[in-house]
Amino acid sequence: MMKITCLGQGSKGNCWIADYDGELLIIDAGLSIKTIKRGINYNLMAVQGVLCTHKHKDHSMAVEDLRLCGLSVFTPFTVETKTQTYGHYRVQAFPVPHGDCDCYGFYIKIGDHRIIYATDFEHIPFVFKKQALTDMIIECNYQDEYVDKSAENANHKILDHSTLETTIGIVKANQTESLRNVIITHMGDTSCNALECVNAIKEIALSGVNVDFARAGETYEL
């Protein structure tokens with residue numbers, strides 16, 4: 001069985017725990033090491049590896065602490081290799097534009113699951129239709145009508161993150177009859193209405209696709 005737990009999402013810190021028959025994979029490490037350890041029930045032995053999308057602290061805070069715990073951490077923005085194998089997880093990193101910061105998404109294969117995890121992007125410059133994705137965990141950071149363009153971080157939000165329309169385009173471009181789940185993440189606290197975004201994606205998703213939004217502490221069966 002495959003499930004994934006959101007420990008945190010958004011600018012306050014991002015971290016997900018994938019669990020396939022007891023094999024754990026940490027995706028992003030933007031929370032304290034104490035919070036992550038608690039999120040895996042302190043079972044470090046079950047962790048096959050750690051993936052980190054980019055260097056910003058809301059994604060990388062605990063990277064070095066996890067390395068000190070003896071875990072293998074994949075930071076594709078610092079190494080030449082873009083593929084890794086962790087237990088039964090097969091991981092391919094792919095670059096996504098995020099301002100002047102090197103940032104990567106991940107295509108993850110395990111069992112009969114073919115998953116993309118991507119956040120902090122202006123767009124995704126690749127199409128995964130041939131891979132027949134089963135699950136997408138992708139950013140939906142803001143809706144234009146809710147962005148305070150006078151805010152100090154407005155340019156960073158608008159230029160370096162995904163709007164609802166971009167997220168809808170990604171789902172359209174990549175969905176096939178194999179798709180089961182779309183979970184939107186990295187939503188802005190004041191620049192995004194999660195339920196509105198979910199409903200908008202449901203309108204274009206194929207029949208039978210489950211659409212949901214990330215909530216800290218929530219576990220999703222894939």
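**Exercise 1. Find how many aromatic pairs there are, and describe the one formed by W16 and Y220.**

Solution. In this predicted model, the count comes to 5 aromatic pairs. A pair of aromatic rings is described by the distance of the centres and the angle of the planes, and these two values are taken in turn. For W16 and Y220 the centres are 6.1 Å apart, and the planes make an angle of 40°. Because planes under 30 degrees apart count as stacked and those over 60 as edge-to-face, with the rest called tilted, the pair of W16 and Y220 is tilted.

The next step is to place the two residues along the chain: W16 lies in strand β2 (residues 15–20) and Y220 in strand β13 (residues 219–221), so that the pair links distant parts of the chain, 204 residues apart. As for accessibility, W16 is buried because its relative accessible area is 0%, and Y220 is buried because its value is 6%, the cut-off for buried being under 20%.

**Exercise 2. Describe the pair of Y107 and F128, and state which aromatic cluster these residues belong to.**

Solution. The ring centres of Y107 and F128 are 6.0 Å apart and their planes differ by 35°, which makes this a tilted pair. Y107 sits in strand β8 (residues 103–110), whereas F128 is in the loop between β9 (113–118) and β10 (135–139), and the two are 21 residues apart in a pair that links distant parts of the chain. Both Y107 and F128 are buried. Finally, Y107 and F128 belong to one aromatic cluster together with F94 and F126.

**Exercise 3. Work out how helices α5 and α6 are arranged, and which residues make the contact.**

Solution. Two packed helices are described by the angle between their axes and the distance between the axes. The axes of α5 (residues 164–174) and α6 (residues 194–204) come within 10 Å and cross at roughly 30°. Because angles under 35 degrees count as roughly parallel, α5 is roughly parallel to α6. The contact is made from α5 by L164, T167, I168, V171 and K172, and from α6 by C197, A200, I201 and I204. The crossing in which α5 passes α6 is right-handed.

**Exercise 4. Is K202 of helix α6 buried, partly exposed or exposed?**

Solution. K202 is found in helix α6. Its relative accessible area is 46%, and therefore K202 is partly exposed, since exposed would need over 50% and buried under 20%. To relate K202 to another part of the chain, its C-alpha atom is separated by 27 Å from that of T53, which is 149 residues away along the chain.

Terms used:
Residues are numbered from 1 along each chain as its sequence is written. This is a predicted model: local features need pLDDT of at least 70, side-chain atom pairs count only at pLDDT 80 or more; totals for chains, interfaces and linings use all residues. Side-chain values use heavy atoms; hydrogens and water are left out. Rings of Phe, Tyr and Trp (its six-membered ring) pair if their centres lie within 6.5 Å; planes under 30 degrees apart count as stacked, over 60 as edge-to-face and the rest as tilted. Helices (H or I, at least four residues) and strands (E, at least two) are DSSP runs, numbered from the N terminus. Buried means under 20% relative accessible area, exposed over 50%, partly exposed in between (1.4 Å probe, protein chains only). Axes are lines fitted to C-alpha atoms, for helices over the stretch in contact, and angles run from 0 to 180 degrees between N-to-C directions. Angles under 35 degrees count as roughly parallel, over 145 as roughly antiparallel, 65 to 115 as roughly perpendicular and the rest as oblique. A crossing is left-handed if the near helix is turned anticlockwise from the far one by less than a right angle, and right-handed if clockwise. Contact means heavy atoms within 4.5 Å.
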